[in-house]
Structure formats: C-alpha cells, structure tokens
Amino acid sequence: MAGLGVRRISVGGALALAAWTGFTRAAQKLKSEGSFAGFANLVSYTDINGFFVTDYGTRQSDRRRSAKASG
C-alpha cells in the first residue's frame, strides 16, 4: 500500500476498544469465576517497552530527516 502512496491508515477508536474489551473480559472472568485466566498470554513489559523505544527512535530519525530536507 505504501507503494501506492498510502501514508497512514486510520483505525479510529478500534485500538482503544480492543484494550477496553480485553480489560472488561479479564475483569468479568476474575469477578464471576475467581479466575486469573483472563490474564493469560499478555504482552510482556519487555515487549511493550521495546515497542516504545523503537517507535521513539523511528520518530526521532524521521524528525531529523524532515529537518534536513526543509533546511
């Protein structure tokens, strides 16, 4: 899609809804069954932190390239 000139795709509030859905289902299972099964297969803190570190680095590189191109 990038080859066609697509720069971004909007998902609206879908990512927030996905997070809230996971939260709600895990909380309901904990309340109704006393089960922690809703917490199975969570993304690790290491993976989350790695995502943010990588994303930050990418945005910094993009900013530097943009500044060079315009200056």
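**A walk through a two-helix model**

M1 is exposed, with 63% relative accessible area, and that makes it a handy place to start on this predicted model. M1 sits in the segment that comes before α1, the helix running over residues 14-33. It also belongs to a nonpolar surface patch of about 680 Å², which M1 makes together with L4, V6, I9, V11 and L15.

Now zoom out for a moment. The protein has two helices and zero strands. Its C-alpha trace spans about 60 × 25 × 20 Å along the principal axes. The radius of gyration tells a similar story: the protein has 19 Å, whereas a compact globule of 71 residues would come in near 11 Å. How much of the protein is buried? Just 4% of the 71 residues count as buried. As for the surface, about 6600 Å² is exposed, and 61% of that comes from carbon and sulfur atoms.

Next, the charged side chains. How many salt bridges does the structure hold? There are three. Let's take α1 to begin with. Here K29 pairs up with E33, with 3.3 Å between the closest N and O atoms. The two residues are four apart in helix α1, which is about one turn of the helix. K29 is partly exposed because its relative accessibility is 29%, while E33 has 53% and so counts as exposed.

Over in helix α2, which covers residues 45-70, D55 and R59 are also four residues apart, again about one turn. Their side chains meet in a salt bridge at 2.9 Å, N to O. Exposed or partly exposed, where does D55 fall? With a relative accessible area of 28%, D55 is partly exposed. R59 gets that label too, at 38%.

Further along α2 you'll find R65 and D62, three residues apart and about one turn of the helix from each other. They form a salt bridge as well, and the closest N and O atoms are 2.4 Å apart. R65 counts as exposed because its relative accessibility is 53%. D62, at 38%, is partly exposed.

That leaves the aromatic rings. A pair of rings is described by two things, the distance of the centres and the angle of the planes. The count here comes to three aromatic pairs. One of them is F36 with F39: the centres are 6.0 Å apart and the planes make an angle of 35 degrees, giving a tilted pair. F36 is exposed, with a relative accessible area of 58%, whereas F39 is partly exposed at 38%. F51 and F52 form a pair with 5.2 Å between the ring centres. Why is the pair of F51 and F52 called edge-to-face? Their planes stand at 75 degrees, so the pair falls in the edge-to-face class, which takes angles over 60. Both F51 and F52 are exposed.

If you're rotating the model as you read, try going back to the patch with M1, L4, V6, I9, V11 and L15, then on to K29 and E33 in α1. From there, pick up the tilted pair of F36 and F39 and finish in α2 with D55 and R59, then R65 and D62.

Key
Residues numbered from 1 in each chain as written. Predicted model: local features only at pLDDT ≥ 70, side-chain atom pairs only at ≥ 80, totals over all residues. Heavy atoms only, no water. Patch = residues over 30% accessible without salt bridge, like charges linked within 9 Å, V, L, I, M, F, W, Y side chains within 5 Å. Areas by Shrake-Rupley, 256 points an atom, 1.4 Å probe, with all protein chains shown as cover. Salt bridge = Lys/Arg side-chain N within 4 Å of Asp/Glu carboxyl O. Buried < 20%, exposed > 50% of the residue type's maximum accessible area, 1.4 Å probe, protein only. Phe/Tyr/Trp six-rings, centres within 6.5 Å; stacked < 30°, edge-to-face > 60°. Rg over C-alpha atoms; globule rule 2.2 N^0.38 Å.
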